[in-house]
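User: Please pick one part of this structure and look at it closely, setting out how it is covered and what it packs against. I would like one connected account, with the cut-offs of the terms you use.

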Amino acid sequence: AAETGRYGIGKTATIEEIAGWDIDIRPDGKGLPKGKGSVLQGEEAYEAQCASCHGLFGEGEGRWPPLAGGEDSLTEDRPKKTVGSYWPYASTLWDYINRAMPFSAPQSLTPDEVYAITAYVLYLNDLVEKGFVLTQDNLASIEMPNVNNFYADDRPDTNNERCMKNCKDPRNIEVIQS
Amino acid sequence: MADSKKPETSKEYLAELTAHVPPTSRRDFLKKGVKFSTSLAAVAATSEALSDNLPPHVSSWSKSLGTGVVSTPYGVPSKFEENVIRRTVPWLTADKISSISMSPLQELKGIITPNGLVFERYHAGAPAINPAQHRLMIHGLVDNPLIFTMDDLMRFPSESVINFLECPANGGMEWRGPQMEALQFTHGMISCCEWTGVRLSTLLAEAGVQSKGKWVLAEGADGAGMSRSIPMNKALDDALIVYAQNGEKLRPEQGYPVRLFNPGWEGNTSVKWLRRLKIGDKPWHHREETSKYTDLMPDGRSRRFTYEQEANSVITSPCPENPWGQKGSYEIEGIAWSGRGKIKQVDVSIDGGVTWRPAKLKGLVLTKALTRFCLPFKWDGSPGLLQSRAIDETGYVQPTLSQLRNVRGTNSIYHKNSIHTWQLQSNGKIKNVQLK
């Protein structure tokens, strides 16, 4: 084993320990476990485990998040941000379902179930065909419609001046009430 | 007189607030509102019954004995302060498990938020973690993947810093117009504590980050498995692995037994119940940095990795919950903060931004911390439009709401740090308004 650091505090994490917790997935597919799931398998699993909150068609029940729809709505007055309309990467969907869903039973799904449900949610968003089978090898190649519409923080984006007197015409002040 | 006035006004602001609650959730909220006003009425009744305690009478507590030591082994506030509590707005979220509560800024003094009042934000509830069964793992692009117990973490050199913690959604309900008739709800997703822990850079040095390691994935042990990508320069700068707040161990709400803390950055990045740090060469683009915590702009594109909380301020007295009574001398008081450093100056306007006066900064002025400001004011009973404007040490001047909206529109959800306006009415009441 490599020499530990300056203080020699802590134990070397074993391969087994790391493997048990190492669940993160990246857009390039790094981290995906072996497995696969079809849209049809996903439909069954989704209806059993997801639809009561997210709706049969991903439309969202009550206050729970919609997963599908909202294409081309991002410049509208009330944008609808869903997996299909907004999310840049399919990997995020796999990663998030795997780590945090179903909401009341996180980390309860097998990799194949996560592949299947991910495939089905992609299908609900018209991003894959009904016969599609998602695997560790093809997930990174799924192109999400909104992938190129994110950019790095470019703030500060305002330039207020520290004016102290006669900063505006009081006659132009309009008060908006709640 | 002043005592009986305050509950009356508080009742009114809650009543006004419930007017905004959608019908489905209104019943629950009203129930809480009723409970809230009942307790206030009880306080008022008690004070009346005890009018004998005022001069020239000798008060009953001067003629009797109080409670003994350790009657409350862990102390709690006076029962007369039962109104000083976190509150939530039920219609904001689908349930209380993935939700937020706000700190009662209208009741707080100084710059430190008491631990029991620090705002809460959970994505899968607050887990009850046994520290003996908790581990922090560092792995990925490191020479020595390591696993630490809590005892291990406490053997490293520690540091304490006073920094604010702010949810980037603070004020987010107000993008389209004034909505919340209470300071607690317009600005209460912020708290400020003394945080104690070990520098993340110390732990990274212990593990030996490889030259390709440019990003750190921080992951929580809660059911949300909360995860964020942190650039290496922040990790090596002032990020802390924190196990204590305001002198005691972290509260469960704040990540007990250990959390990441990124000073000045949006609260979501300060991952609670921290179980894992993975070093990589690229960001992970996880749910909380793609679907959430990205800022939609008017052209349909979105900013991502908007980490810093820009300079902001608000007047905490007066405010809807703290109206003025008779004419005369008052202190206009408030808080200012900036994720980019120290507050350099706060200006106050009473005429909606036509003229401004420099306020005084009180007490400690620390980097990336709440800073108190005040301005003595003699009120002649005229209505006014009260505003505060923070300037930080980078020279950034807190923008007006119009300036922010001109650039960002009204759908970016997060990072609304604009100048806030309270309308002072001639009866001393305060309304939440916006200026066009």
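Analyst:
**A helix and its surroundings**

Chain B has an accessible surface of about 16900 Å² (Shrake-Rupley method, 1.4 Å probe; for residues, only the protein chains shown count as cover), and 55% of that surface belongs to carbon and sulfur atoms. The model is predicted, so local features need pLDDT of at least 70 and side-chain atom pairs pLDDT 80 or more, while totals for chains, interfaces and linings use all residues. Residues are numbered from 1 along each chain as its sequence is written, chains are lettered from A and ligands numbered from 1 in the order in which they are written, and side-chain values use heavy atoms, without hydrogens and water.

Chain B supplies part of the setting: of its 436 residues, 59% count as buried, meaning under 20% relative accessible area, with over 50% as exposed and partly exposed in between (1.4 Å probe, protein chains only). Its secondary structure consists of seven helices and 23 strands, taken as DSSP runs numbered from the N terminus (H or I, at least four residues, for helices; E, at least two, for strands). Where contact means heavy atoms within 4.5 Å, 72% of the chain B contacts between residues at least 6 apart in sequence join residues at least 24 apart.

The part chosen here is helix 4 of chain A, residues 90-100, which is largely enclosed by the rest of the structure because 11 of its 11 residues are buried. Those buried residues include A:Trp94, A:Asp95, A:Tyr96 and A:Arg99. The cover comes from both chains: it includes helix 5 (111-124) and strand 3 (133-135) of chain A, together with strand 7 (215-220) and strand 8 (227-231) of chain B.

Within chain A, helix 4 packs against helix 5 at an angle of about 130°, with the axes 9 Å apart; axes are lines fitted to C-alpha atoms over the stretch in contact, with angles from 0 to 180 degrees between N-to-C directions. That angle makes helix 4 of chain A oblique to helix 5 of chain A, since under 35 degrees counts as roughly parallel, over 145 as roughly antiparallel, 65 to 115 as roughly perpendicular and the rest as oblique. On the helix 4 side, A:Ala90, A:Leu93, A:Trp94, A:Ile97 and A:Asn98 take part, and the helix 5 residues that they meet include A:Val114, A:Ile117 and A:Val121. By class, this contact has 10 nonpolar, two polar and no charged residues, with Ala, Val, Leu, Ile, Met, Phe, Trp, Tyr, Cys and Pro counted as nonpolar, Asp, Glu, Lys and Arg as charged, and the others, Gly among them, as polar.

Helix 5 of chain A also packs against helix 2 (residues 39-49) of chain A, where the axes come within 7 Å and cross at roughly 95°. These two helices are therefore roughly perpendicular to each other. Their contact involves residues including A:Tyr46 and A:Gln49 of helix 2 and A:Ile117, A:Tyr120 and A:Val121 of helix 5. It divides into 10 nonpolar, three polar and two charged residues.

In the loop between helix 3 (51-54) and helix 4 of chain A lies A:Leu74, which counts as buried because its relative accessibility is 10%. Beyond its neighbours within four places in sequence, A:Leu74 is in contact with residues of both chains, among them A:Pro79, A:Ser85, B:Leu296 and B:Gly300. The C-alpha atoms of A:Leu74 and A:Ser85, 11 residues apart in sequence, are 7.7 Å apart in space.
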